[in-house]
Amino acid sequence: MLGKLKQGHWPIFILSSVSAIANMFLPIILTRILTPEDIGIYKIFFLYLGLLPFLFLTGGPLHSVYYWVGKGKDQDRYITAAFQLTFILSLAIIVIGLPLIVPIASFFELSITTTQILLLSAFLWVPSGFYKEFILAKGFVAWGSIFGVLMELIKVFLFLALAFSGYKLNVIFTAFLIFLAFKMLLTGALLLKEKLPLFKIKKKYLSSVWNYCLPIAGAGLLGFVVDKIDQIVLTKYLAKDEFAFYTMGCLMIPPLYMLEMSIIKVLIPKLSTYSEKEPLVALQYFRKAISDSALLMIPAAVGLFTFSDSIVELLYTESYLESSIYLKIFSLSYLALILPYDSIPRATGQTKWIFKISLILSPLTLITVLIAANWAGAVMVLSASVFFKFIYRLAGIIYSCSLMGWRIRDIFPFKKLIIFTMISLLLGLSSWYSRELFDNNLIWFFTSGSIFFTLYFIALIIPYKKGYFVES
């Protein structure tokens with residue numbers, strides 16, 4: 001049993017969740033120290049920190065290691081080229097950005113100093129994470145996950161120490177930059193220890209990596225636009241405190257995103273191995289990935305929707321209760337994470353399609369969000385954003401089925417999905433109607449929420465024993 005866990009996606013999920021949960025406490029503590037306006041600045045900083053690497057296509061070469069690791073004797077050359085390309089593209093952020101610091105700061109609506117820190121952090125962010133991805137791709141799942149956790153915990157403890165000490169935002173941002181510089185040096189040293197020829201540049205391998213990852217990187221940028229366009233647009237339409245309320249309502253539960261990420265990182269190599277010769281085996285892995293995600297995503301979505309008011313009050317205090325309506329809508333987006341929409345194109349090398357569908361949907365998303373921002377307000381902006389997340393992933397599922405010759409209905413483990421959904425909805429409704437029994441929202445949340453998730457897993461025992469989870 002333990003051996004199976006070590007080989008699957010669970011080490012990535014479990015260990016990454018430790019640091020991810022720790023990361024959740026940072027904005028929670030900051031809401032009790034900083035004003036909503038400062039929180040708005042904090043959110044804008046990390047929004048654009050996420051955008052810039054996508055804008056310069058740095059993520060494509062980074063995540064291409066999961067493809068190149070299977071290239072036999074040349075794999076080290078390809079992986080080295082992937083790191084070199086990641087570094088070069090990241091370097092372009094400051095080469096282009098620093099000379100244009102004034103207009104960029106004006107566009108971001110941040111101070112010059114904060115924007116400088118942002119650009120330097122964006123330069124270091126992606127290449128400093130290369131070692132972890134490399135080790136995971138090599139199959140050292142436990143060590144790669146442990147390394148990632150250690151790095152994240154160092155960052156979180158540093159941030160929390162500064163926040164508790166009452167330091168201002170720019171000090172926290174500067175500390176983050178220093179941490180990334182340390183992580184970059186450590187990554188370089190560890191890659192050299194793995195005997196990767198980091199300083200030997202071979203155009204042949206750089207060209208191969210670029211040709212493979214360009215569609216992925218372009219799709220990643222457009223996918224980020226689909227995912228974050230609502231926030232990017234609303235930075236121009238909302239005051240910073242209103243933007244804080246909006247983004248706090250878009251509550252990202254890191255373990256859930258880590259679950260999706262860890263499942264995909266294990267799924268793609270398996271699909272790459274079996275997709276051509278044994279498509280039915282690949283189908284079983286694909287179905288299992290959906291059911292593994294749904295096991296937690298469905299109750300999480302129902303729970304977030306049901307307890308949104310209490311969750312916001314608990315995490316951010318009553319000052320942020322305006323965020324609860326956004327949390328109700330955003331909770332539905334977690335259901336989209338069940339679909340591993342681009343794993344087949346990545347595993348089969350059909351990455352150009354990912355870029356094409358992104359090129360189609362990104363402008364549609366932008367136009368819809370702009371119309372909603374102008375005429376309907378932030379609630380409709382978020383609703384439109386969540387809607388297009390589902391469209392994006394459903395398009396990927398349809399293409400994957402056509403590519404593999406699968407029927408769409410065959411990829412879904414319907415019995416499991418129905419069971420997960422019915423149990424979650426029943427418990428959600430029961431929790432909602434029990435609210436009148438409690439005088440305090442937080443007591444209701446802790447009591448009913450604990451019962452919700454405990455009974456959810458207990459209720460799964462019955463269909464499991466009856467054999468409803470056995471794949472046909």
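**Salt bridges, cysteines and a small-print cavity**

At 21% relative accessibility, K132 counts as partly exposed, because that label covers values between buried (under 20% relative accessible area) and exposed (over 50%), worked out with a 1.4 Å probe on protein chains only. This is a predicted model, in which local features need pLDDT of at least 70 and side-chain atom pairs count only at pLDDT 80 or more, while totals for chains, interfaces and linings use all residues. Residues are numbered from 1 along each chain as its sequence is written, and side-chain values use heavy atoms, with hydrogens and water left out.

K132 has a partner: its side chain meets that of E133 in a salt bridge, at 3.8 Å from N to O. A salt bridge here is a side-chain nitrogen of Lys or Arg within 4 Å of a carboxyl oxygen of Asp or Glu. E133 is buried, with a relative accessible area of 5%. By this rule the count comes to 8 salt bridges.

Another of these pairs is E260 with R393, at 2.7 Å from N to O. This pair ties together distant parts of the chain, 133 residues apart: E260 sits in helix α14 (residues 254-274) and R393 in helix α20 (residues 378-404). Helices are DSSP runs (H or I, at least four residues), numbered from the N terminus. Both partners count as buried, E260 at 15% and R393 at 11% relative accessibility. Elsewhere, E109, K236 and K240 are joined into one network by salt bridges that share partners. Within it, the closest N and O atoms of K240 and E109 are 3.7 Å apart. That link also spans distant parts of the chain, from K240 in helix α13 (residues 240-249) to E109 in the loop between α7 (101-108) and α8 (112-125), 131 residues apart. E109 is partly exposed, with a relative accessible area of 37%.

What about the cysteines? C213 is buried at 0% relative accessibility, and C401 is buried at 3%. The structure holds 0 disulfides, a disulfide being a pair of cysteine sulfur atoms within 2.5 Å.

Now for the empty space. On a 1 Å grid over the protein atoms alone, a cavity is a set of points where a 1.4 Å probe fits but cannot get out, and lining residues have an atom within 4 Å of a point. The structure holds 2 cavities of 30 Å³ or more. About 40 Å³ lies in the second largest, a volume being the space filled by probe spheres set on the points. Its lining consists of R77, T80, A81, Q84, P197, K200, K202 and Y205. Helix α6 (residues 75-97) gives the most, with 4 residues.

Methods
On a 1 Å grid over the protein atoms alone, a cavity is a set of points where a 1.4 Å probe fits but cannot get out, and a pocket is an open set with protein on both sides within 12 Å along at least five of seven lines; lining residues have an atom within 4 Å of a point. Helices (H or I, at least four residues) and strands (E, at least two) are DSSP runs, numbered from the N terminus.
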